[in-house]
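Q: Please take a close look at how aromatic rings are arranged in this structure. Kindly follow the account outward into the surrounding elements, in one connected answer.

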Amino acid sequence: MVLEAPLVAADVVQWLYSDAPHLKGTLEIVSELGERLRAGSVPVDRVTTGIWVVHPNVRAEGSIWTSSKAPELVLYTADAKTSDDYQKSPIKRVHETQKPVRVEIERDPVAAAQYPISEDLREEGYTDYIALPMPFSDGSVKVASFSTKAPGGFSGSHISVFESLIRPLALVCELKTLRRTAETVLDTYVGPRAGGKVLDGTTRRGEGEWIKAIVSFADIRGFTRLSNTLPADKIVLFLNKYFGAMTAAVEAHGGEVLKFIGDEVMAIFPYETEEEARDAAMRALLAARDTLSRIAEINAEKSCVQTPDMSVGIALHAGDVFYGNVGSETRLDFTVVGPAVNLAARIAELAKDLERQVLVSDAIADIMGCRSGLFGQYQVKGFDDPVSVYSPDMSADAAVGYCPENTAERARDAN
C-alpha cells in the first residue's frame, strides 16, 4: 500500500475535482468516495461528513456511508441530546483545534474511551477512526471522518491518503452546501416553486409568466384589536400557530403559500387544463377544511390563556395571474398579481364582513360545476359589477365533493 497510496490519492483527488461536483449532493459524494477508496485497497468501512447548515429547523447535516448498509442522511436539530452528544465527540475537538483527531479503538482503548462514540463503533466491529477538519472558504471548519474494521486499524499510508483528499473534498462539499443553503433560504422565504424559478435565473424585474391558479386568501378575525392589546411575544406565538396551521394544510394538498401579509396568508394552487382546474379547486377546498380543523385543535388545546380562540376567514377565487418579479430595481418580490388576486382579496374582506369561514367565487362555482350555497351578490371595492359568492358546506364528504345538489343527483342515480 505504501507505493500505491500516492496513486490512489491522485485518482480520488482527480475525481473530486472533475466528476464529483456533478453529483446531486454531499451524500452521493461521500458514498462514491467510500467506494473509490475501497477499490484502491484503502480499508474504509465508514465515511461521514458533518456540516452546519442554514435551516429553520435543522442545525447540521450528516452524510453517512458504510460498506454494509445503505447511505444515510442524518439531520441534527438543536435539542438537548444532540448538543450533549456533540460536546463529547471528536467532532467538537476538531472544531476547537482545527486539527485531526484519531481514535485508535483497538490499539488504545483507554484513550479511545474518552469519546463515547468509540464504544458504539467498537460494538459494530470498528478498530480505528479519524476525523479531519474540512476548511471552507469562509473560514469555517467542517469535519469528515473515516473508520475501518480492519485488524490493526489504518496505516500511515492510509492516513496520508485521507490528508491528500480532504481539501478537494471540502471544496466540493462547500459547493453543494452553498447550493443547498440557497435552496433552503428561497424555499423558506418565497416557497419551493418560486424559489426554483429564482435559482433558475428568473430574477429581473417584470420577469415572470401568466398562469392559471386558484388563489386563496385567509386572515384572522379581530387581529387588529388583538395586536393592540397583547404583548409582542404573545402575538408572535399566536401568529406562528396560525401560519403553521394554514401552511401545513396548503402544502398537504399540493398548494404553495406565497406570502404572509400581517395576519393574511396568500396561497396558490396552479392548474392548466379544465380537469386540473377542478382538481386544484377541490384541493384548495380540502386545504380550507383542513385549516379550520387544525385551528379548532389549537383552540381546544388552550395553550395560551392570554389569547382568545382563533377564528379565520378564507376566500377562494380562480383566474389568470402574473407569477413573477415585481418591485424596485434593487428590491424584488416574487409573487402573483392581477385582477384575480385583487378579487380574491376583496372576497376575503367579504368573508370577514359576513362572518363566514369560507367563501368562494363564481369562478370556483363554475369549475366545480356547483352553484349550491349561493350566499348573495355584493359590491366590492374596485369592481364595477356585483360579485356572487358561495358558502360551501365544509362538513360534506370530500369523496363526493362539497355540492349538495351533485350529491343528491348521485344518490338518485345509485337508486
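A: Rings of Phe, Tyr and Trp, the last taken by its six-membered ring, count as a pair if their centres lie within 6.5 Å; planes under 30 degrees apart make a pair stacked, and planes over 60 degrees apart make it edge-to-face. The coordinates examined here belong to a predicted model. On this criterion, the structure holds seven aromatic pairs. One of them is formed by Trp52 and Tyr86, which meet edge-to-face with 5.8 Å from centre to centre and 75 degrees between the planes. This pair joins distant parts of the chain, since Trp52 belongs to strand 1 and Tyr86 to helix 3 (residues 80-87), with their positions 34 residues apart in sequence. Trp52 has a relative accessibility of 35% and therefore counts as partly exposed. Tyr86 is likewise partly exposed, because its relative accessible area is 23%.

The pair of Phe146 and Phe162 is stacked, with centres 4.2 Å apart and planes at 5 degrees to each other. Phe146 lies in strand 6 and Phe162 in helix 7, so the stack ties together parts of the chain that are 16 residues apart in sequence. Both Phe146 and Phe162 are buried. Ring pairs also bring in Phe154, so that Phe146, Phe154 and Phe162 are linked into a cluster.

The strand that carries Phe146 deserves attention next. Strand 6 spans residues 141-148, and eight of its eight residues are buried. From this strand, Lys142, Ala144, Phe146 and Thr148 point one way, while Val141, Val143, Ser145 and Ser147 point the other way; all of them are buried. What is the pairing sense of strand 6 with strand 5? Strand 5 (residues 128-135) and strand 6 run antiparallel and are joined over eight bridges. Within this pairing, the residue standing opposite Phe146 is Ile130 of strand 5. The two strands form a hairpin with five residues between them, and Gly139 in the turn has a positive phi of about 95 degrees.

Strand 6 also pairs with strand 1 (residues 46-52), again in the antiparallel sense, here over five bridges. One of the bridges sets Arg46 against Ser147 of strand 6. Strand 6 thus has antiparallel pairings with strand 1 and with strand 5; strand 1 is also the element that contributes Trp52 to the edge-to-face pair.

The other partner of the stacked rings, Phe162, leads to helix 7. This helix comprises 35 residues and reaches 50 Å from its first C-alpha to its last, close to the 51 Å expected at 1.5 Å a residue. Helix 7 nevertheless bends by about 40 degrees at Ile166, and a proline, Pro168, follows within four residues. After the helix comes Gly191, with a positive phi near 100 degrees.

Further along helix 7 (residues 156-190) lies Thr177. Is Thr177 buried or exposed? With a relative accessible area of 12%, Thr177 is buried, because the cut-off for that class is under 20%. Apart from neighbours within four places in sequence, Thr177 is in contact with Ile51, Trp52 and Phe136. Trp52 therefore appears twice in this description, as the ring partner of Tyr86 and as a contact of Thr177 in helix 7, while remaining partly exposed at 35% relative accessibility.

For context, the nonpolar cores can be set beside this region. In soluble globular proteins, nonpolar side chains tend to be buried together. The largest nonpolar core has 43 residues, among which Ile214, Tyr242 and Ile314 touch the most other members. At least two residues of this core come from each of several elements, including strand 7 (208-220), helix 10 (232-252), strand 9 (264-271) and strand 10 (312-327). Helix 11 gives the most to this core, with 12 residues. A second, separate core of 33 residues includes Val8, Val44, Met134 and Ile159.

In summary, the stacked rings of Phe146 and Phe162 are both buried and connect strand 6 to helix 7, whereas the edge-to-face rings of Trp52 and Tyr86 connect strand 1 to helix 3.

Conventions
Residues are numbered from 1 along each chain as its sequence is written. This is a predicted model: local features need pLDDT of at least 70, side-chain atom pairs count only at pLDDT 80 or more; totals for chains, interfaces and linings use all residues. Side-chain values use heavy atoms; hydrogens and water are left out. Buried means under 20% relative accessible area, exposed over 50%, partly exposed in between (1.4 Å probe, protein chains only). Two strands pair if DSSP finds at least two bridges between them. Contact means heavy atoms within 4.5 Å. The expected span of a helix is 1.5 Å times one less than its number of residues. The bend at a residue is the angle between axes fitted to the seven residues ending there and the seven starting there. A nonpolar core is a set of buried Ala, Val, Leu, Ile, Met, Phe, Trp, Tyr and Cys residues joined through side-chain atoms within 4.5 Å.
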